[in-house]
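Trainee: I have the model open and I keep tripping over the vocabulary. Can we go through a few of the labels together?
Mentor: Sure, pick the ones that bother you.

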Amino acid sequence: MKIKMILCLMLIGFIYNDAISQIRIAGKVTSIDGGSALVGVNVVVKGTTSGTVTDVNGEYALDVPNTNSILVFSFIGLATEEIKVGNRKIIDVQMSSDVKQLSEIVTIGHGKGRRSEKKAAAEYEMADIDESYAVRPSGVATTSYPHPPIESNNEDYAKIVENGFKNPFADPLSTFSIDVDAASYSNVRRFLNHGQMPPKDAVRIEEMVNYFNYDYKQPNGDDPFSINTELASSPWNKDHKLVHIGLQGKDIAMDNLPPSNLVFLLDVSGSMSDANKLPLLKSAFRLLIDKLRPQDKVAIVVYAGAAGEVLPSTSASEKDKILDALDNLSAGGSTAGGAGINLAYKIAKQNFVKNGNNRVILATDGDFNVGASSNESMEELIEQKREEGVFLTVLGFGMGNYKDSKMEILADKGNGNYAYIDNILEAQKVLVHEFGGTLFTIAKDVKIQVEFNPAKVQAYRLVGYENRILAPEDFNNDKKDAGELGAGHTVTALYEIIPVGVKSQFTVDDLKYQKTKITEGAISSSELMTVKLRYKAPDGDKSKLIVKTIEDSKKSIDNTSDNFRWSAAVAAFGMQLTASDFKGDLTYSDIYDLAKSARGKDEQGYRAEFIRMVESCRLMARK
């Protein structure tokens, strides 16, 4: 008995000693050139997955196991620093640029004929040509160094009128198109990394939620995606319920993906001369080119004052030839976006691959100012082009004069998806890690329609998707365009529900002149709602219908999956950023705790980054 007690005490001692041996380390990371704070530097305990990222002030704090721990400070384009903790509690670090690393980003797997390290590290030389700018050397890779705050802002965002609660008697059906775009999230991150709150209309909650992948089950039937649902109490209003609807696109191995016929449509106008535009664009497309296979082919079209083909359709087996054409691009002139789009689609059609992936990839800051420049004109143009069987990917770059509203229209109306590239790591996420989802469509015109049981639902609200709302009759209309789903992509939608019997300021009074009778079937049913989905095959014209019911329950949010809690945390963060009327009493601290509890699998660190963004926002808001 004594031996057992001694062993127990020893075990408790080991656990206690391990707990108290944790050391809190804090500090600030700055640039060796000028001493400016570096935002977003990764700080990791070597040999572990424990780490953090510097905030808007370049500051960090984390716990380490013991004095022998080594901190690793890393950032793309900067020389990695490894520092042993020792007896210090404050560790400040200065980081310098890494010429070799920058050169490696430029050359990525191609040695012969590529630029030297000296040229790759050279500063941009600006030359005045025809009242515009040419960027030299054109092959230098941009890095995600923190930029100074945006002083003059001529950015353009479409107005968002937040969805309100609806009465299921007056509006029994909620219909919308799916949205796999994620541009809003990385754009919001860009503002927060500059220490600024984003414009409210820049925050599209569904795009923030859908920036992340979720751990949904893979489809096992004939349909190219699975449907996953969950219901629990709402974190921002405990008297309300939150419904989580998740779609999981089928994963397809790289070797099994169809051949690609890609046309890069690149904006080289004068507005693209900034380091975080054309130079970053080139670095991003190098990552994509490196990913392509010999059976894939690439053409390059550029547009400025006029549009032109700089590379005919070329097999990806000739990567040096494609990279040389990319390297030789420079910025100058006005922006004939409409002419560029027409030419890109023409070339894509000329090289069309039957049963393949035919796609135009547009990269721009969205500043179309010659030709078809209005949103209405661009919408009409892109709607005509989508009928040709060519899909569209839109990649946004830059700041200050960024035209988000035009970019979103192009993607929404052109059977496409839309991402915002604020640094080379985001380019890697979109074009490498999510290669299949970004470039290979497995289902098009995907629509969702929900019918609510009025015996259980007093009012409902779709969270986000404001610019994706469809009329009820559009659901069965196969001529009505909707969103596309890529291989391996996940799509998540949330509904906030006010149950029958709950007093709420958001409910609508009963009607005076008419009454709607609830059927006996609705009263006796345990169903909360019915979810219907329609989709078409990528080359199909007729949609297929899927129906799924959701049972009512009283589950607490504490008993939900990581998927549920994570999506709720991201949506709540979006509502905080927009000062939503429906955000309830949830604080940034509450959102931080909720997200931290739901981090789950996070191999690439995207969720950890979000958690740190919430913490930075809390500090900025002083809440």
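Trainee: What makes S3-S2-S5-S6 an open sheet, and which strands are its edges?
Mentor: Keep in mind that this is a predicted model. The four strands sit in the order S3-S2-S5-S6 with antiparallel pairing. Strand S3 (51-53) and strand S6 (81-84) are the edges, as each pairs on one side only. From one strand to the next, the twist averages 20 degrees.

Trainee: How do you know that S5 and S6 count as paired?
Mentor: Pairing needs at least two bridges. Strand S5 (residues 70-74) and S6 have four, in the antiparallel sense, so they pass the cut-off. Look for valine 72, which stands opposite glutamate 82 in S6.

Trainee: What about S4-S1-S7: which kind of pairing does that sheet have?
Mentor: Mixed pairing, in an open sheet of three strands. Its edge strands are strand S4 (59-64) and strand S7 (93-95), each pairing on one side only. The twist there averages 35 degrees from one strand to the next.

Trainee: And why do S1 and S4 count as a pair?
Mentor: Two bridges would be enough. Strand S1 (residues 23-31) and S4 run antiparallel and are joined by six, so the pairing holds. Isoleucine 23 stands opposite valine 64 in S4.

Trainee: Why is strand S10 called largely enclosed?
Mentor: Count the buried residues: four of the five in strand S10 (residues 173-177) are buried, so the rest of the structure largely encloses the strand. S10 also runs antiparallel to strand S19 (residues 441-452), with five bridges joining them. Leucine 173 stands opposite glutamate 451 in S19.

Trainee: Why is glutamate 207 called buried?
Mentor: The cut-off is under 20% relative accessible area. Glutamate 207 comes out at 0%, so the label fits. The residue is found in helix H5 (residues 205-209), and its contacts beyond four places in sequence include Asp179, Asp181, Tyr185 and Glu408.

Trainee: What makes the pair of glutamate 207 and arginine 204 a polar contact?
Mentor: The limit for such a pair of N or O atoms is 3.5 Å. The side chains of glutamate 207 and arginine 204 are joined at 2.7 Å, so the distance falls within the limit.

Trainee: Is threonine 560 buried or exposed?
Mentor: Buried: the relative accessible area is 9%, which is under the 20% cut-off. Threonine 560 lies in the loop between strand S24 (544-551) and helix H14 (562-577). A polar atom of the threonine 560 side chain lies 2.6 Å from the backbone oxygen of isoleucine 557.

Trainee: How far is threonine 560 from leucine 231, in sequence and in space?
Mentor: They are 329 residues apart in sequence and 8.2 Å apart in space, C-alpha to C-alpha. Among the residues that threonine 560 touches are Glu230 and Ala232.

Trainee: Last one: how do H14 and helix H16 pack, and which class of residue makes up the contact?
Mentor: H14 and helix H16 (residues 606-621) pack at an angle of about 35 degrees, with their axes 12 Å apart. The crossing is left-handed. Residues making the contact include Trp566, Val570 and Phe573 of H14 and Phe610, Ile611 and Val614 of H16. By class, the contact has 10 nonpolar, no polar and two charged residues.

Key:
Residues numbered from 1 in each chain as written. Predicted model: local features only at pLDDT ≥ 70, side-chain atom pairs only at ≥ 80, totals over all residues. Heavy atoms only, no water. Helix = DSSP H or I, 4+ residues; strand = E, 2+ residues; numbered from the N terminus. Axes fitted to C-alpha atoms, helices over the stretch in contact; angles between N-to-C directions. Buried < 20%, exposed > 50% of the residue type's maximum accessible area, 1.4 Å probe, protein only. Contact = heavy atoms within 4.5 Å. Polar contact = N/O pair within 3.5 Å; in protein donor to acceptor, adjacent residues only side chain to side chain. Left-handed = near helix turned anticlockwise from the far one by under 90°. Nonpolar A, V, L, I, M, F, W, Y, C, P; charged D, E, K, R; others polar.
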